[in-house]
Amino acid sequence: MAPSLTDTRELKTFVVDEGHGVKGLAELNIKTLPELFIQPVEKLLDVNKVVPQDSIPVIDMSNFEDPEVDERICDAAENWGFFQIVNHGVPVSVLEDVKKATHRFFALRADEKKKYLFKNSPTKNVRLVTSFIPEVDKVLEWKDALSCFYVSDDEAMAFWPSVCRDQLLEYMNKSESLIKRLLEVLMKRLGVSELNEANEMTLMGSKRINLNYYPVCPNPELTVGIGRHSDVSTLTILLQDETGGLYVRKLDSEKWVHVPPIEGSLTINIGDALQIMSNGRYKSIEHYVAANGNENRISVPIFVNPRPTDMIGPLQEAVRKGEKHLYKQVLYSDYVKHFYKKSHNGKDTIDFVKV
């Protein structure tokens, strides 16, 4: 039965607790956005602050060994915190299969998807959610997401949804060498000559993959797909479809830049963990996803993280002579818990570890 659009409790039950999500709400062909999703003006993107002629760096990685490619990657990490890569070695067929698998999962009936709600899921490592943290968000974001924390192939085979599991595992597997290559390049500029077993585990010892779904919205100008935030990861590897809607804040600026989809590309962004470990040299940057009034949008990020049990802080090699440590040592799981205690609000999480 369709919920009352004016009864917030009933609406939240339908969207969040019964697994219909905003996709189920959009499929009711509602003409007006319910108040539960209407964001305060200060949370919305000011279109006057978007710089249409600007773009994040696009880097061709077809020649992995070219020192100029390494320079461009590190410069982008320092000056933008975001860049797109093409000819990256992950087969386009694998990317297309992941996009199809994402659509397959969200095409399931609500009673099928409901099995993956946190309260129903047999594992804490798989969670279907609407908005960011619906238990905390006073106003909901216009997004559904399936979040899968990777433990092992066996655990994934047992608990991840069968309609998308194989494609997600293949995508993660085919991205592994790319992730290592990017981290090797970024570490080298910091003075870390090579990845060894210890630092590799701290940089990329755990991974999480999300399937994000943003349905057509009746009043996209009143809400957000994802509010302004930076990621808590080391790196995020983002596959977006052809719809567009991702905006990135320019460093030390109030201006925003759209990240147009490029066929076959991946978008890479620096997360808070790497900003901390690089002592602020590499930048995790606020980004935002706009709601769309015409098309459904999907995206699939792989979050490359330290292990929950790792202590993170500025790497010894990253602190130049005479420089001060900008950040304290922090248990990574404590940092992540702090992030998930509150709604999206820019880069305020990193203030938690500033010296």
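A residue counts as buried when its relative accessible area is under 20%. In this predicted model, C74 falls in that class because its relative accessible area is 3%. C148 is buried as well, with a relative accessibility of 0%. The cysteines form no disulfide pairs, the total for the structure being 0. For C148, the closest cysteine sulfur belongs to C164 and lies 6.1 Å away, too far for a bond, since a disulfide requires two cysteine sulfur atoms within 2.5 Å.

Attention turns next to the annotated domain. The UniProt record, an unreviewed entry, lists residues 202–306 as "domain: Fe2OG dioxygenase". Across residues 202–306, strand accounts for 44% of the chain and helix for 9%. The C-alpha atoms at the two ends of this stretch are 5 Å apart.

The largest pocket holds about 1,200 Å³ of space. Its lining is made up of 47 residues, and those nearest the centre are S147, R208, N210, V336 and Y340. Elements contributing two or more residues to this lining include the strands β4 (144–150), β5 (206–214) and β12 (297–305), along with α10 (332–339). By class, the lining of the largest pocket comprises 23 nonpolar, 15 polar and 9 charged residues.

Enclosed spaces are also present: the structure has 2 cavities of 30 Å³ or more. The largest cavity offers about 70 Å³. Two elements, α1 (8–17) and β3, each give two or more residues to its lining, with β3 providing the largest share, 3 residues. Among the residues lining the largest cavity are V15, V16, F106, L128, V129, T130 and D144. Its lining contains 6 nonpolar, 4 polar and 2 charged residues.

The second largest cavity has a volume of about 40 Å³. Its lining consists of H229, F339, K342, S343, H344, N345, G346, D348 and T349. In this lining, 6 residues are polar, 2 are charged and 1 is nonpolar.

Finally, a look at D166 is worthwhile. This aspartate sits in helix α7, which covers residues 165–190. D166 is classed as partly exposed because its relative accessible area is 42%, a value between the 20% and 50% limits. The side chain of D166 makes a polar contact of 3.2 Å with the side chain of R165. Between D166 and Y247, which are 81 residues apart along the chain, the C-alpha separation is 30 Å.

Technical notes. Residues numbered from 1 in each chain as written. Predicted model: local features only at pLDDT ≥ 70, side-chain atom pairs only at ≥ 80, totals over all residues. Heavy atoms only, no water. UniProt positions renumbered as here; feature names shortened; annotations may be inferred. Helix = DSSP H or I, 4+ residues; strand = E, 2+ residues; numbered from the N terminus. 1 Å grid on protein atoms, 1.4 Å probe; cavity = no way out; pocket = protein on both sides within 12 Å on 5 of 7 lines; lining within 4 Å. Points joined across faces, edges and corners; volume = space filled by probe spheres on them. Nonpolar A, V, L, I, M, F, W, Y, C, P; charged D, E, K, R; others polar. Buried < 20%, exposed > 50% of the residue type's maximum accessible area, 1.4 Å probe, protein only. Polar contact = N/O pair within 3.5 Å; in protein donor to acceptor, adjacent residues only side chain to side chain.
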